[in-house]
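Visitor: I would like a close look at a single part of this model. Could you walk me through it without hurrying?

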Amino acid sequence: MKKEFKIRANEFKGPINLSLTINSGQTSQPSWIKKDGYFRELISVDGKPCLIKITQKGDNPENPLEVMAQSINDLKVDAIKGQIMEIFGLNHDLDKLYDFLRNDPKLEPTINFCKGLRLFKAHDIFECLISSISSANCSILRWNRSIRDIKRKWGDEYKFSREPFYTFPSPQILATLPEHDLEEMQRCEDDLPENFVFDNNLQACGVGYRAKYIINASRMVQDEINLEKLGKMKYDKAFNTILQIPGVGPKVADCILLYGYGFGEAFPVDLWIKRIICKLYFDGEDIPVPKIRSFGIERFGEYAGYVQLYLFHYARKSGLLERLKP
DNA sequence: TTCCAGGTAGTCG
DNA sequence: CGACTACCTGGA
């Protein structure tokens, strides 16, 4: 099945800048690969794998999104479109957000730097959980590579043209993986060649000490925490529930709630957001991270997630981030 | 070579 | 509670 369609400006509220949204380094999903002018990713529509190619021509954030979809199943255009609206935050009313930002002199300048930047939602909640855990890592490049490796080694392969795409493996699969080389070796009873390379384990994907977290988190998702139910909880309850998962602290929890479930009131505070908030709102005073989080949640309310996204991108582009380096 | 970043979990008082 | 450090990996 192949479908092509457009999503026009009258179908979303306010501007969208597709490449900015995809490339703004929002955590919880490796960025979509651009090839032949189209961003590509294998997503799931009604539980069925579907390859999406999406582009926005020109640099006007009112321009329509052009979509090509391919699947071995017969999927309805409406279902695919609905999923894309969800992933790219097209249901968010950005004009209303900008009214909110204009009311705060510290936030007003972010608008021009971020026109059309939207929250980019994860397309798979379990993948979001695991990649958020591995994103507690110093380099986006590194955890991106880890997630890619995990998908290639243990996900299901789908080929629509020459290059293959992979789903993210299930909790059942990840829960039983060997943590590192040694464990993989110990599980092998057969005689292996002298120079056999043990790379069928989690640590071989470069996740470091997070391998243990990933395995235990997968076990927990299998038999203790229902990821579906989390999205239906109130934000506070969901936050406290998800904190019980190994490898999930306050920052990672907020990333999952924001990017995985779309809780706009989540305010993930990493080192950089902390520095930015201290500089803008506390005259450079060193405020502990938990205080920054409650400050953000109280002050920015339902827009906290967007404020975090806009502040970070603004700081990066305006040179503020560079000046905040210790 | 050694050092360091990044958030979480663990330990200590 | 707050302050501290170990954890891994790869880049400086």
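Guide: Happily; what follows starts with the nonpolar core, then turns to the DNA contacts and the domains. Please keep in mind that the model is predicted.

The largest nonpolar core holds 76 residues, and Ile276 and Tyr310 are the ones with the most contacts inside it. Helix α15, which covers residues 304–318, gives the most to this core, contributing nine residues. If you centre your view on Ile276 and set aside its neighbours within four places in sequence, you will find it in contact with Leu311, Phe312, Ala315, Leu320, Leu321 and Leu324. Another core lies apart from this one; it has 24 residues, including Leu18, Ile54, Ile84 and Phe88.

Now turn to DNA strand C, which is surrounded by Arg142, Arg145, Gln203, Gly208 and Tyr209. By class, the surface near the strand has two charged, two polar and one nonpolar residue. Among the atoms of DNA strand C within 4 Å of the protein, sugar or phosphate accounts for 70%, and the rest belong to bases. Two contacts are worth a pause. Arg142 places a polar side-chain atom 2.7 Å from a base oxygen of the strand, whereas Tyr209 has a polar backbone atom 3.4 Å from a sugar or linking oxygen.

Finally, chain A is divided into domain 1 (2–91) and domain 2 (125–247). The centres of domain 1 and domain 2, taken over C-alpha atoms, are 25 Å apart. Their contact takes 15 residues from domain 1 and 16 residues from domain 2.

Conventions. Residues are numbered from 1 along each chain as its sequence is written. Chains are lettered from A and ligands numbered from 1 in the order in which they are written. This is a predicted model: local features need pLDDT of at least 70, side-chain atom pairs count only at pLDDT 80 or more; totals for chains, interfaces and linings use all residues. Side-chain values use heavy atoms; hydrogens and water are left out. A nonpolar core is a set of buried Ala, Val, Leu, Ile, Met, Phe, Trp, Tyr and Cys residues joined through side-chain atoms within 4.5 Å. Buried means under 20% relative accessible area, exposed over 50%, partly exposed in between (1.4 Å probe, protein chains only). Helices (H or I, at least four residues) and strands (E, at least two) are DSSP runs, numbered from the N terminus. Contact means heavy atoms within 4.5 Å. A residue is near a molecule or strand if one of its heavy atoms lies within 4 Å of it. A polar contact is a pair of N or O atoms within 3.5 Å; within protein, one must be able to donate a hydrogen and the other to accept it, and residues adjacent in sequence count only if both atoms are side-chain atoms. Ala, Val, Leu, Ile, Met, Phe, Trp, Tyr, Cys and Pro count as nonpolar, Asp, Glu, Lys and Arg as charged, and the others, Gly among them, as polar. Domain bounds come from an automatic or database domain assignment.
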